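Me: I should like to learn how to read a model of a protein with a bound ligand. May we begin at the ligand and work outwards?

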Amino acid sequence: MAKIMTTQEKQAELDKIAREIKEFKGLDIAKNCTLAVPGEGNPEAQIMFIGEAPGFNEDKEGRPFVGQAGKLLEKTLKDVLNLGRFDVYITNIVKFRPPDNRDPLPDEIEACRDWLDRQINIIHPKIIATLGRFSMAKFIPDVSISRIHGQARYVDFNENKIIIFPMYHPAAALRAGAVMNEFIQDFNKLKTLLGNNQPDIPVAKPEPAKITQTSLF
Ligand code: URA
């Protein structure tokens, strides 16, 4: 059974992971980035947001979601859930900026996997909201985000069932008004989910892959 950790113990473990990430030089993107971006937020967060990879601004500051997409995430968090960014935990699938914001490569996702898994185990959130298709695919592979966004489901993760709530990436919402509407609606569903102690939601089943997928959709 998982050990029950105090907030201080959780923070100490998260700090240890952050140090490991900052010292890591095993990928080109780790060697070439300005700053690694381990993640940040409340070790007791009920919601964890997982994005794709740091962009230009995140790479400069060493913090996740601090550019335009981050501003949208922060504003929607406040407007809909009345939460600040340090009430939740925010991180990415990949902890170093890929050049020119290209998609993360499978070996980069794999190299960062253990850190993310440990962050999830330490925080033990009630809900993981995935932002975009790369973080969704970690828990629910081979599906199209346009089909399943806003639909919570239980997924087995390290012998625990956690609620995965797939969402569009905020950068996609900034590019298209229709996606923005869905993004806000999904945040409202997240609010309902957060307030419900026994949500009636399905266990994930493999679904057929869609053939066409656009970046971030
Ligand atoms: N996009 C992401 O996926 N993550 C960030 O941290 C910033 C932008």
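Reply: Certainly. Please note that this is a predicted model. The ligand is surrounded by G51, E52, A53, P54, G55, E58, P64, F65, G67, A69, G70 and N92.

Me: What is the make-up of this shell by class?

Reply: One sorts the surrounding residues by the character of their side chains. Here the shell around the ligand holds five nonpolar, five polar and two charged residues.

Me: G51 belongs to the shell. How many residues of strand β2, residues 47–51, are buried?

Reply: Burial is judged by counting neighbours: a residue is buried if 20 or more other C-beta atoms lie within 10 Å of its own. In β2, five of the five residues are buried, so the strand is largely enclosed by the rest of the structure.

Me: Which residues of β2 lie on each side?

Reply: The two faces of a strand are read separately. On one side of β2 are I47, F49 and G51, and on the other are M48 and I50; all are buried, and thus both faces are covered.

Me: Which strands pair with β2, and in what sense?

Reply: For pairing, one looks at the bridges and at the direction of the strands. β2 runs parallel to strand β4, residues 127–131, and four bridges join them. Strand β3, residues 89–92, also pairs with β2 in the parallel sense, over four bridges.

Me: What are the bridge partners of I50 in β3 and β4?

Reply: In β4 the partner of I50 is T130, and in β3 the partner is T91.

Me: Let us turn to a loop. Where does I140 lie, and why does I140 count as buried?

Reply: A loop residue is assessed by the neighbour count as well. I140 is found in the loop between α6 (133–139) and α7 (145–148). It counts as buried because I140 has 21 C-beta neighbours inside 10 Å.

Me: How far apart are I140 and F65, in sequence and in space?

Reply: The two distances should be stated separately. I140 and F65 are 75 residues apart in sequence, and their C-alpha atoms are 23 Å apart in space.

Me: What can be said of the protein chain as a whole?

Reply: One begins with the secondary structure, which comes to nine helices and six strands. The radius of gyration is 16 Å, close to the 17 Å that the globule rule gives for 217 residues, so the chain is as compact as a globular protein of that length. Buried residues make up 37% of the 217 residues. Of the contacts with a separation of 6 or more, 75% are between residues 24 or more positions apart.

Key. Residues numbered from 1 in each chain as written. Predicted model: local features only at pLDDT ≥ 70, side-chain atom pairs only at ≥ 80, totals over all residues. Rg over C-alpha atoms; globule rule 2.2 N^0.38 Å. Buried ≥ 20, exposed ≤ 12 C-beta atoms within 10 Å, placed from the backbone. Contact = placed C-beta atoms within 7 Å. Near = placed C-beta within 6 Å. Nonpolar A, V, L, I, M, F, W, Y, C, P; charged D, E, K, R; others polar. Pairing = 2+ DSSP bridges.
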